[in-house]
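Hi,

Here is the structure I promised to pass on to you. Have a look at it first, then read my notes below.

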Protein chains: 2
Amino acid sequence: MYIQVLENLQRDGKNVISSELLARTCDVNPSQIRKDLAYFGEFGVRGVGYYVQDLITSIKQALGVDRVWKCALVGVGNLGRALLNHREFRLRGFHIVGAFDCDPFKIGEVVSGLEVVCSRRLKERTADLGIELGVITTPPERAQRACNYLVDAGIKGILNFAPARIEVPEGVTVEYVDFFHHFYAVAFNVTLGSQD
Amino acid sequence: MYIQVLENLQRDGKNVISSELLARTCDVNPSQIRKDLAYFGEFGVRGVGYYVQDLITSIKQALGVDRVWKCALVGVGNLGRALLNHREFRLRGFHIVGAFDCDPFKIGEVVSGLEVVCSRRLKERTADLGIELGVITTPPERAQRACNYLVDAGIKGILNFAPARIEVPEGVTVEYVDFFHHFYAVAFNVTLGSQD
DNA sequence: TGGTGTGAACTTTTTCACAGCG
DNA sequence: CGCTGTGAAAAAGTTCACACCA
């Protein structure tokens with residue numbers, strides 16, 4: 001969230017920002033911001049605030065997103081295609097360098113400049129392509145299998161867009177992405193709000 | 001998350017589930033599950049567990065997602081089009097019934113069976129279409145304007161896919177959707193993991 | 001002077017442990 | 001008997017208040 005807000009501030013020509021102002025736009029308490037940022041280092045200047053450009057750099061460095069991460073996408077369905085065509089990925093440093101699917105009708109097809117390869121061949125292609133992260137966009141019932149291919153290939157970070165939980169060995173991190181959670185949350189809040 | 005897991009259990013033919021087992025798949029503590037569910041009512045049966053179908057129904061009712069929610073989408077760019085074509089929305093009870101944009105070249109175009117209408121006309125179309133939720137898919141610099149149109153139309157729930165914070169009056173809820181947050185999180189965890 | 005960094009106080013969330021009930 | 005629902009205890013997260021420093 002901070003990266004997002006700071007990049008927008010930068011676009012607006014702001015060079016310095018205080019925790020007070022940052023707090024206002026992020027809708028949190030100023031102390032929260034100071035604690036969060038101080039966790040990774042002393043990024044601010046007393047009596048002045050935070051230099052926007054420096055802070056962006058510092059946060060990205062702290063998170064490890066100050067470089068390119070190469071990703072493999074497994075599951076070339078509707079969602080998979082949408083992600084493959086989403087140019088924002090490159091901008092944010094996440095390069096999708098391989099597309100995999102187990103459907104023989106899709107293998108060989110070229111999507112967004114990438115040839116779809118059989119999922120079983122993920123392991124042999126991982127080192128070549130320099131893949132570090134996996135993106136699962138299969139239907140829910142095939143998510144675990146996709147996950148297994150990724151784990152087997154030695155990949156340590158997985159983004160699961162499939163609406164199913166997956167099991168991974170220790171040392172592998174999974175992030176679940178499902179924007180319907182947000183739809184449920186809004187629906188719930190609106191329902192609550194209209195009651196009183 | 002519970003709805004997601006329970007629907008998958010149902011597909012697999014499971015009729016009853018204990019907090020213990022549910023906890024295992026959700027990767028949380030069993031007490032957590034019991035507390036969460038008990039918050040909305042007594043859904044379980046002592047000595048037995050939770051009936052899967054009943055629990056799905058109960059949770060959906062508690063969240064207010066046991067009905068159709070009609071949505072307006074503002075910003076027919078790449079992401080907007082992808083969402084308009086995403087059939088999963090109907091399945092989950094979120095019907096996009098109006099598409100709006102301020103670009104004169106897009107107005108009148110038909111996307112996924114919906115005619116793109118000028119954003120300024122949002123208010124006059126809201127009642128007709130029965131719109132209750134707004135989905136913002138504009139570029140970040142136009143998110144606030146889109147938001148203002150929605151608020152002005154009396155909409156109380158907004159999903160903001162634009163990478164920018166927006167201001168709303170009290171009584172209006174906003175959920176921010178940005179899956180790059182998840183990419184950052186995975187990158188961070190993988191970076192951490194490779195250090196020790 | 002003004003805004004950060006931070007220990008201490010406070011609040012919220014999570015887990016434990018077991019009573020209660022089908 | 002077995003698993004839920006729930007107070008009490010423990011842990012985690014947030015806010016306050018002010019020392020400290022450009």
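B:Asn29 has a polar side-chain atom 3.1 Å from a phosphate oxygen of DNA strand C, which fits the cut-off for a polar contact (a pair of N or O atoms within 3.5 Å; within protein, one must be able to donate a hydrogen and the other to accept it, and residues adjacent in sequence count only if both atoms are side-chain atoms). Before you go further: this is a predicted model, where local features need pLDDT of at least 70 and side-chain atom pairs count only at pLDDT 80 or more, while totals for chains, interfaces and linings use all residues. Residues are numbered from 1 along each chain as its sequence is written, chains are lettered from A and ligands numbered from 1 in the order in which they are written, and side-chain values use heavy atoms, with hydrogens and water left out.

Back to the DNA. For B:Gln32, a side-chain N or O atom is 3.2 Å from a sugar or linking oxygen of DNA strand C. A:Arg46 also has a polar side-chain atom by a sugar or linking oxygen of that strand, at 3.1 Å.

How many residues surround DNA strand C? There are 19, and the closest are A:Ser19, A:Arg34, A:Gly44, A:Tyr50 and B:Lys35. A residue counts as near the strand if one of its heavy atoms lies within 4 Å of it. Of the strand's atoms that come within 4 Å of the protein, sugar and phosphate account for 59%. The nearby residues split into 4 nonpolar, 8 polar and 7 charged (Ala, Val, Leu, Ile, Met, Phe, Trp, Tyr, Cys and Pro are nonpolar, Asp, Glu, Lys and Arg charged, and the others, Gly among them, polar). H3(B) gives the largest share of this surface, 4 residues. Helices here are DSSP runs (H or I, at least four residues), numbered from the N terminus.

Now the two protein chains. Their contact (heavy atoms within 4.5 Å) takes 55 residues from chain A and 55 residues from chain B. About 5000 Å² is buried between them, with carbon and sulfur atoms giving 70%; buried area is the accessible area (1.4 Å probe) that two parts lose on being put together, summed over both. On the chain B side, B:Arg165, B:Phe183 and B:Tyr184 lose the most area to chain A.

The chains share 2 salt bridges (a side-chain nitrogen of Lys or Arg within 4 Å of a carboxyl oxygen of Asp or Glu). B:Asp178 and A:Arg92 meet in a salt bridge at 3.4 Å, N to O.

Cheers

Methods. Helix = DSSP H or I, 4+ residues; strand = E, 2+ residues; numbered from the N terminus.
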